[in-house]
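Subject: Structure handover

Hi,

Here is the structure I promised to pass on to you. Please open it alongside this email, and then read on at your leisure.

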Amino acid sequence: MKAFSLEGHAALVTGSSQGIGAAIADGLEACGAAVVRHGLQPGEGSYLQADLSDTSDKSELMQRAFALQPGLDTLVLNAGSFFDALFLEMTAEAWDKTIALNLRATFFLAQAFARKRVALGGGGSIVIVSSTNGFQAEADSVAYDTSKGGLVMMTRSLAVSLAPHGIRVNGIAPGLIRTPLTQQWMEPRAHDLLKHYERKILLGKVGAPADCAGAVAFLCSAAASYITGEIITIDGGLTCTQIGKMEG
């Protein structure tokens, strides 16, 4: 179906130098979109370097993105990270950095994008990458869980605010995905932790970044033109069941 094509569209994907963001950017390009990538480290071509964890004006990054792609009509807000320690040892600095990157930057990038799209006559699509941590808590992950829960409600609230301008806002909530971030704590405990998750995940395996790309491409396409305020959970069935598969 042509409705699934992204030909003629242009997208900015934040946090797309690796992991889920890189897979999403690849997926959008495969569907025909022109993609502007973003990351912390220097890059080449249609790429923007910026640290989103500071409190600088995020409209400057959006201006740079529109300079690269004047017809930019799609924004995927994927940039985020985990800075938690044990709850009783968490610092104000770690809390502030979590909220600044995961929530504040997402909000003001969405605002800068929407302002530009409204000035151009409206229309467009935003996809916010949250997490299953936005629905289910994890031990010693209070700041991260709070930020991801905030993104869930931000998705719905922005959908309400931007619908009059023809801008759709949706989200995805990945579960356990094998990325450079999750590898840091997954591999040292691979024997017991992965076995536990493989039993809990209905599809029997930890996800790959590419598993998130199709849902985002769909949400950005005309095939999803009557969908806004929705969040697609991508977790292999992890949050679908209380018990999971029994060992044996």
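Below is what turned up, starting with the charged side chains and moving on to helix packing and two loops. Please keep in mind that this is a predicted model.

**Salt bridges**

Side chains of opposite charge can pair when their charged atoms come close. In this model there are four salt bridges. One of them joins the side chains of Arg37 and Asp26, with N and O 2.6 Å apart. This pair ties together distant parts of the chain: Arg37 belongs to strand S2 (residues 34-39) and Asp26 to helix H1 (residues 19-30), and the two are 11 residues apart.

Arg37 also has a salt bridge to Glu29, where the closest N and O atoms are 3.0 Å apart. Asp26, Glu29 and Arg37 are thus members of a salt-bridge network. How do its members sit with respect to the surface, buried or exposed? Arg37 has a relative accessible area of 17%, and because the limit for buried is under 20%, Arg37 counts as buried. Its two partners are partly exposed: Asp26 has a relative accessibility of 41%, and Glu29 has 36%.

Another of the salt bridges brings together the side chains of Asp54 and Lys58, at 3.1 Å from N to O. Here the positions differ in burial, since Asp54 is partly exposed at 32% relative accessibility, while Lys58 is buried at 4%.

**A buried acid without a partner**

Which side chain of opposite charge is nearest to Asp145, and how far away is it? The answer is Lys148, at 9.5 Å. Asp145 is buried yet takes part in no salt bridge, because a salt bridge requires the nitrogen and the carboxyl oxygen to lie within 4 Å. Asp145 is part of helix H4 (residues 142-162). Setting aside neighbours up to four places away in sequence, the contacts of Asp145 are Asn133, Gly134, Gln136, Ala137 and Glu138.

**Helix packing**

Two packed helices are described by the angle between their axes and the distance between the axes. For H1 and helix H7 (residues 213-220), the angle is about 50° and the axes are 8 Å apart. H1 and H7 are therefore oblique to each other, and H1 passes H7 in a right-handed crossing. On the H1 side the contact is made by Ala23, Ile24, Gly27 and Leu28, and on the H7 side by Ala213, Val216, Ala217 and Cys220.

**Two loops in contact**

Most residues other than glycine have a negative phi, and most peptide bonds are trans. Asp140 is not a glycine, but has a positive phi of about 50°. This residue is in the loop between strand S5 (124-129) and H4, and is partly exposed, with a relative accessible area of 33%.

What does Phe87 touch, once residues up to four places away in sequence are left out? Phe87 touches Asp140 and Val142. Phe87 itself is in the loop that runs between strand S4 (74-77) and helix H3 (92-119). As a further distance for your notes, the C-alpha atoms of Phe87 and Thr132 are 20 Å apart, with their positions 45 residues apart along the chain.

Happy browsing, and best wishes!

Technical notes:
Residues numbered from 1 in each chain as written. Predicted model: local features only at pLDDT ≥ 70, side-chain atom pairs only at ≥ 80, totals over all residues. Heavy atoms only, no water. Helix = DSSP H or I, 4+ residues; strand = E, 2+ residues; numbered from the N terminus. Contact = heavy atoms within 4.5 Å. Buried < 20%, exposed > 50% of the residue type's maximum accessible area, 1.4 Å probe, protein only. Lys, Arg positive; Asp, Glu negative; His and termini not counted. Axes fitted to C-alpha atoms, helices over the stretch in contact; angles between N-to-C directions. Parallel < 35°, antiparallel > 145°, perpendicular 65-115°, else oblique. Left-handed = near helix turned anticlockwise from the far one by under 90°.
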